[in-house]
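The questions below ask how certain labels are earned. Each answer sets a value beside the rule for the label.

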Amino acid sequence: MGNATRRTTCRSCRSAEISPVLDLGHTPIANALLSDPDAVDEPRYPLEVAFCRDCALVQILDDVPLFPDDYPYYSSVSDTLLAHSRRHVEGLVETLRLDATSLIVEIASNDGYLLRNAVEMGIPALGIDAAPGPAAAAREIGVETITGFFGREIAREIRAERGPADAMVANNVMAHVPDLNDFVAGFATLLADDGVLTVENPGVEMMIEHGEFDTIYHEHVAYYSCLSVRSLMARHALTLFDVEFFEDLHGGTLRYWVARDRPPTARLEERLRHERALGMDEIAFYDGFGERVASISSELRTLIRRLRAEGATVAAYGAAAKGATMLNTVGLGVEEVEFVVDRSPHKQGMFMPGTHQPILGVDALIERAPDYTVILAWNFADEIVAQQAAYLDRGGRFIVPVPEPKILG
Ligand SMILES: [Zn+2]
């Protein structure tokens with residue numbers, strides 16, 4: 001592993017007016033699950049969040065060396081996400097009148113969880129994903145997929161070969177791209193003149209207001225608002241013209257609608273007014289975040305240590321990046337949280353980075369019957385609780401960590 005590279009200018013507008021707002025110390029790469037917790041000396045990198053006073057982008061200051069093979073995330077394991085994606089494709093097909101002559105391109109298409117819907121409807125679809133495993137899984141279900149990193153160069157190649165894209169989708173990826181401007185230049189290169197791009201990411205507003213600090217990790221380099229997305233798109237002659245808000249998806253997700261030139265909707269104007277009224281374009285809005293995070297961390301640590309002292313056993317649910325940030329930042333090792341369960345077979349048998357809990361299948365909640373289970377994947381808490389009726393029937397109880405640590409039921 002190489003060293004982290006510290007940025008001194010904004011990764012979007014390149015202004016030097018960036019101010020730190022939260023320091024989470026040195027943590028391991030949140031997605032780098034371990035196959036043997038004793039074999040390696042895990043590298044740790046500084047994890048610090050800053051705010052750009054010029055373009056309002058909230059961002060990580062340090063870029064760390066990453067490898068696409070480190071991403072074991074397969075989208076198709078979440079029912080909530082599958083239903084959301086299907087509705088999204090149906091909506092695009094209807095509003096843009098996509099047909100067998102159109103082209104829909106998805107960046108970070110993963111295992112084809114979204115584009116499979118377009119393929120079923122007879123719309124030509126092309127996925128791009130950097131991780132070879134999920135890309136191969138997508139091809140297996142009939143979703144044509146290029147393995148690679150999206151940017152200006154790959155966009156040029158696709159346009160030359162396939163023509164411009166009528167619709168583009170980039171969900172939960174623009175927040176993970178270190179070279180933001182090359183990435184957005186790719187959109188501008190590939191999008192048809194009357195084409196539409198939608199981009200989804202968890203919004204920074206909910207992260208700050210609800211203290212969702214575990215959505216912060218090295219690979220998650222940027223935390224967007226309408227204000228910062230509008231500025232980023234405008235730099236590439238693209239217009240943010242509409243926005244949707246999904247309150248229950250990943251703790252509050254915004255879907256940005258982007259085109260070359262379309263007038264802003266009333267809904268977008270309203271959201272921009274709302275963001276300015278909150279002060280999201282000023283550093284004061286972000287000032288109390290550090291204190292809030294310290295208080296949630298200390299409450300959760302105290303709660304779990306108390307339960308352990310009383311003789312209770314504690315496990316956790318969700319071996320995703322946010323789980324790793326939560327365990328590492330709060331300081332919950334195997335003494336506090338014995339094991340982590342996850343539905344993804346690709347993660348089972350591995351160990352959490354930094355804190356080294358073994359990752360087991362979800363059946364372990366019944367077989368090993370921990371008294372308490374911390375829902376690290378709290379963005380899917382309703383889904384998880386609904387699926388675990390048997391665990392609850394046997395007296396197991398769930399804990400959600402944010403917006404404040406709480407034992408459910
Ligand atoms: Zn900036």
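Q: Is cysteine 13 buried, exposed or partly exposed, and why is that the right label?
A: This is a predicted model, in which local features need pLDDT of at least 70 and side-chain atom pairs count only at pLDDT 80 or more, while totals for chains, interfaces and linings use all residues. Residues are numbered from 1 along each chain as its sequence is written, and side-chain values use heavy atoms, with hydrogens and water left out. Buried means under 20% relative accessible area, exposed means over 50%, and partly exposed lies in between (1.4 Å probe, protein chains only). Cysteine 13 has a relative accessible area of 24%, so it is partly exposed.

Q: Why does cysteine 52 count as buried?
A: Its relative accessibility is 0%, so cysteine 52 falls under the 20% limit.

Q: What makes certain cysteines the protein donors of the zinc ion?
A: Donors are N, O and S atoms within 2.8 Å of the metal (3.2 Å for Na, K and Ca); water is not among the atoms, so sites may look incomplete. The SG atoms of Cys10, Cys13, Cys52 and Cys55 lie 2.3 Å from the zinc ion, so they meet the 2.8 Å limit. Along the chain, these donors follow the spacing C-x2-C-x38-C-x2-C. Cysteine 13, in the loop between strand E1 (5–6) and strand E2 (18–27), and cysteine 52, in strand E3 (residues 45–52), are 39 residues apart and link distant parts of the chain. Helices (H or I, at least four residues) and strands (E, at least two) are DSSP runs, numbered from the N terminus.

Q: Why is the site of the zinc ion called tetrahedral?
A: Four donors count as tetrahedral if all angles lie between 85 and 135 degrees; four count as square planar and six as octahedral if opposite donors are over 155 degrees apart and all others between 65 and 115; anything else is irregular. The angles among the four donor atoms of the zinc ion are 104 to 114°, so the site is tetrahedral.

Q: How do you know how compact the protein chain is?
A: The chain has 14 helices and 19 strands. Its radius of gyration is 21 Å, close to the 22 Å that the globule rule gives for 409 residues, so the chain is as compact as a globular protein of that length. The radius is taken over C-alpha atoms, and the rule is 2.2 Å times the number of residues to the power 0.38. Of the 409 residues, 56% count as buried. Along its principal axes the C-alpha trace spans about 65 × 45 × 40 Å.

Q: What makes E2 and E11 edge strands?
A: Two strands pair if DSSP finds at least two bridges between them. The open sheet of four strands has the order E2-E3-E4-E11, with antiparallel pairing. E2 and strand E11 (222–223) each pair on one side only, and they are the edge strands. Strand E4 (residues 58–60) and E11 are joined by two bridges, so they meet the minimum for a pair. In this pairing, valine 58 stands opposite tyrosine 223.

Q: Why is one side of strand E16 left without a neighbour in the sheet?
A: An open sheet of six strands has the order E16-E15-E14-E17-E18-E19, and its pairing is mixed. Strand E16 (359–360) and strand E19 (406–407) stand at the edges, each with a single partner strand, so one side of each has no neighbour in the sheet. Strand E17 (residues 372–375) and strand E18 (residues 397–400) pair in the parallel sense over three bridges. Threonine 373 has phenylalanine 398 in E18 as its bridge partner.

Q: Why does serine 228 count as buried, and what does serine 228 touch?
A: Serine 228 is found in helix H7. Its relative accessibility is 1%, so serine 228 counts as buried. Contact means heavy atoms within 4.5 Å. Not counting residues up to four places away in sequence, serine 228 touches Cys55, Ala56 and Leu57.

Q: Why is methionine 168 called buried?
A: Methionine 168, found in strand E9, has a relative accessible area of 0%, so it is buried. Leaving aside neighbours within four places in sequence, its contacts include Val105, Ile107, Phe150 and Phe187.

Q: What makes helix H5 mostly covered?
A: In helix H5 (residues 180–190), nine of the eleven residues are buried. Among them are Leu180, Phe183 and Phe187.
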